[in-house]
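Here is a short set of questions and answers. Look over the sequence and the model first.

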Amino acid sequence: MTTKAALIAVTIDCAEPKKLAEFYSAITGFEVQYAEDEYAGIGDGTTSIYFARVPERKPAVWPGPDKQFHLDFRVPDVDKAVQEYIELGATKPDHQPGQGWIILADPEGHVFCVCPERS
């Protein structure tokens, strides 16, 4: 039997960990648990997202084959959330491949989906 692993966090490479932690803290409501120039983290006691400084990191072009992951967030009002997240520094790529959800890019170019609540 394979040993089961408990996922404790996702770590995102970025140029400015503190700045990205503040952005994701604002959109998730997660508390900033740690914030230094090289590493920062947010969480809610169960889920954590960490940000590690990689100054030479280049954002993947969207759409394109270089994107390695994306985060999905469920919100009660997609249009309102998109407007708020753009005001916080996100951008909305022209390419939007689906209906009902919106793809945004965080201030460092990582794409993420803003999804409606399940009906």
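Q: What covers the buried residues of H2?
A: This is a predicted model, where local features need pLDDT of at least 70, side-chain atom pairs count only at pLDDT 80 or more, and totals for chains, interfaces and linings use all residues. Residues are numbered from 1 along each chain as its sequence is written, and side-chain values use heavy atoms, with hydrogens and water left out. Helices (H or I, at least four residues) and strands (E, at least two) are DSSP runs, numbered from the N terminus. The cover, counted by contact (heavy atoms within 4.5 Å), includes H1, S5, S6 and S7.

Q: Why are the buried residues of H2 on the same side?
A: Buried means under 20% relative accessible area, exposed over 50%, partly exposed in between (1.4 Å probe, protein chains only). Val78, Ala81, Val82 and Tyr85 are buried in H2. They sit on the same side because the directions from the helix axis to their C-beta atoms cover an arc of only 100 degrees.

Q: Which residues are exposed on the other side of H2?
A: Turn to the other side of H2. The exposed residues there are Asp79 and Glu87.

Q: Which helix supplies the largest share of the largest nonpolar core?
A: A nonpolar core is a set of buried Ala, Val, Leu, Ile, Met, Phe, Trp, Tyr and Cys residues joined through side-chain atoms within 4.5 Å. The largest has 24 residues, and Tyr24 and Tyr85 are among those with the most contacts inside it. Its largest share, 5 residues, comes from H1.
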